[in-house]
Every structure is written in structure tokens, then in C-alpha cells.
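This report goes through selected local features of one model. The sequence and coordinates come first, and the notes follow.

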Amino acid sequence: MKITLITSGAITVPNFRGLLIQSLNRQGHNLSAMAPDWNDELRERTRAYGAEPVDIALDRAGVHPIRDALNCWLLAGQLRRTAPDAVLCYFAKPAIFGTLAAWIARVPRRIALIEGLGYVFTEGEDSGGAKRWLLRTITKLLYRNALRAADKVAFLNEDDAGQFRAMGLVTADQIIVL
């Protein structure tokens with residue numbers, strides 16, 4: 001099986017997913033890891049675990065709707081060309097735009113990993129402000145549409161899974177708690 005990991009930071013591939021890559025590689029899967037900001041050391045470490053690094057354009061943070069939409073479209077093109085059987089998208093932007101790109105590219109299996117609720121959904125000093133409300137509303141809309149295209153959505157804990165379900169962003173049959 002051909003599996004592609006999609007993330008917003010190349011450093012996370014060997015640091016957070018190295019053992020997963022190693023395990024999947026031992027099972028005979030062919031792996032690639034798509035991320036921005038690769039350097040020679042990260043490429044070497046990722047290859048040592050058994051995945052081929054692939055450059056993509058994806059902003060880790062910030063709100064740039066036109067750039068994000070363009071990057072999603074470009075990512076869909078890359079996925080069409082590489083034709084993976086499955087993708088695992090982790091962190092917020094990859095879970096949204098990577099999952100949508102994989103759906104557009106007709107990747108048969110799409111898994112999003114939600115690492116945490118993040119700034120948008122957590123309570124804080126300005127959590128009731130208009131800017132935060134707008135960002136939360138847009139993020140929920142993006143998650144709702146993207147996660148509908150996911151076969152499974154993995155969470156690190158029950159609370160986050162419950163909150164995403166309560167907000168109508170995922171269905172019970174999509175949820176995996178790690």
C-alpha cells in the first residue's frame with residue numbers, strides 16, 4: 001500500500017512519526033511524507049525511517065484564504081500524480097486542507113489526526129472577542145467540510161473527540177481515540 005503523510009512542518013516527520021513510518025515500512029508499505037520547510041538533515045532522517053520526503057506549499061499558521069485555497073489545489077495535483085492509497089494528515093491546516101486535497105484527488109483512504117483543539121477552541125482572555133469568534137466560526141466551517149471527506153478522524157483524547165462531535169464536526173463512526 002502506498003501511504004502519504006501530510007503535515008505543516010517537516011521537523012515533525014522524523015520527530016513525531018518516525019516510529020510509525022518505520023513500522024509501516026516493515027509491513028511492506030511504501031511511504032512518502034509531504035511537508036514544507038525540508039532541510040538536508042530532516043530529509044536524511046526521514047529517509048532513514050523509510051519515507052520519501054516531498055516538498056509542498058502549506059502555511060503552518062495564519063489566515064490567508066486565497067493562498068490556502070491555492071495550496072490545497074496544488075496539493076491535490078501532487079496527490080493525483082503520486083496516487084497514494086491512503087493519506088494521514090496531522091495538525092490543523094493539513095487536517096483541513098490535506099484532507100480536502102486528498103478528497104479532490106480521489107485518494108481512497110483519508111485519515112485526519114487532530115492533535116488538540118488549539119488556540120481557536122480553547123478558553124482564554126480574548127476567547128469571547130469578535131476576532132476570535134470569527135476565526136472560530138471559519139475554522140469550524142473548514143473542519144466540518146474537510147472532516148466530512150475523512151474516513152476516520154483520530155484524536156489523542158476523549159474530550160477533544162467529544163467536543164468535535166458536539167460541534168457537529170465529526171460523526172461517532174469516524175472517531176478513533178488513540
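## Strands β4, β5 and β6

Valine 87 has arginine 110, a residue of β5, standing opposite. The model is predicted. β4 covers residues 86-90, and five bridges join β4 to strand β5, residues 109-114, with the two running parallel. Together with helix α4, these two strands make a right-handed β-α-β unit. Helix α4 spans 92-104.

β5 also runs parallel to strand β6, residues 152-155, and four bridges join the two. One position in this pairing is isoleucine 114, whose bridge partner in β6 is phenylalanine 155.

Alanine 154 is a residue of strand β6. Is alanine 154 buried or exposed? With a relative accessible area of 6%, alanine 154 is buried, the cut-off for that class being under 20%. Apart from neighbours within four places in sequence, alanine 154 is in contact with Ala112, Leu113, Ile114, Ile176 and Leu178. Between alanine 154 and glycine 98 the C-alpha to C-alpha separation is 15 Å, and the two are 56 residues apart in sequence.

## Strands β1, β2 and β3

Strand β1, residues 2-6, pairs with β2 in the parallel sense, and the pairing has five bridges. Within it, threonine 4 has serine 32 in β2 as its bridge partner. The connection includes helix α1, residues 12-26: β1, α1 and β2 make a right-handed β-α-β unit.

β2 pairs with strand β3, residues 51-55, also over five bridges and in the parallel sense. Here methionine 34 stands opposite valine 54 of β3. Helix α2, residues 40-49, joins β2 and β3 in a right-handed β-α-β unit.

Why is strand β2 described as largely enclosed by the rest of the structure? Strand β2 covers residues 30-35, and five of its six residues are buried, so the rest of the structure largely encloses the strand.

The loop between α1 and β2 contains glycine 28. Glycine 28 is exposed, with a relative accessible area of 56%, where the class requires over 50%. In sequence, glycine 28 and alanine 150 are 122 residues apart; in space, their C-alpha atoms are 24 Å apart.

## Aromatic pairs and charges over rings

How many aromatic pairs does the structure hold? There are four aromatic pairs. One of them is formed by phenylalanine 16 and phenylalanine 91, in an edge-to-face arrangement with 6.5 Å from centre to centre and 75 degrees between the planes. This pair links distant parts of the chain, with phenylalanine 16 in helix α1 and phenylalanine 91 in the loop between β4 and α4, 75 residues apart. Phenylalanine 16 counts as exposed at 51% relative accessibility, whereas phenylalanine 91 counts as partly exposed at 22%. Ring pairs link Phe16, Phe91 and Tyr90 into a cluster.

Tyrosine 90 also has a charge over its ring: the charged end of arginine 17 sits there, 4.2 Å from the ring centre. Elsewhere, the ring of tryptophan 73 has the charged end of arginine 80 over it, at 5.5 Å from its centre.

## Positive phi values

Two loop residues are noted here for their backbone angle. Phenylalanine 91, in the loop between β4 and α4, has phi near 85 degrees, a positive value in a residue other than glycine.

Arginine 106 belongs to the loop between α4 and β5. Its phi is near 60 degrees, again positive in a residue other than glycine. At 72% relative accessibility, arginine 106 counts as exposed.

## Threonine 139 in helix α6

Helix α6, residues 130-148, contains threonine 139. Threonine 139 counts as buried, at 13% relative accessibility. Which backbone atom does the side chain of threonine 139 reach? That side chain reaches the backbone oxygen of leucine 135, at 2.7 Å. If neighbours within four places in sequence are left aside, threonine 139 is in contact with Val120 and Phe121.

How values were computed. Residues are numbered from 1 along each chain as its sequence is written. This is a predicted model: local features need pLDDT of at least 70, side-chain atom pairs count only at pLDDT 80 or more; totals for chains, interfaces and linings use all residues. Side-chain values use heavy atoms; hydrogens and water are left out. Buried means under 20% relative accessible area, exposed over 50%, partly exposed in between (1.4 Å probe, protein chains only). Two strands pair if DSSP finds at least two bridges between them. A crossover is right-handed if, with the strands pointing away from the viewer, the path from the first strand over the helix to the second runs clockwise. A polar contact is a pair of N or O atoms within 3.5 Å; within protein, one must be able to donate a hydrogen and the other to accept it, and residues adjacent in sequence count only if both atoms are side-chain atoms. Contact means heavy atoms within 4.5 Å. Rings of Phe, Tyr and Trp (its six-membered ring) pair if their centres lie within 6.5 Å; planes under 30 degrees apart count as stacked, over 60 as edge-to-face and the rest as tilted. A charge sits over a ring if NZ of Lys or CZ of Arg is within 6 Å of the ring centre and within 35 degrees of the ring normal.
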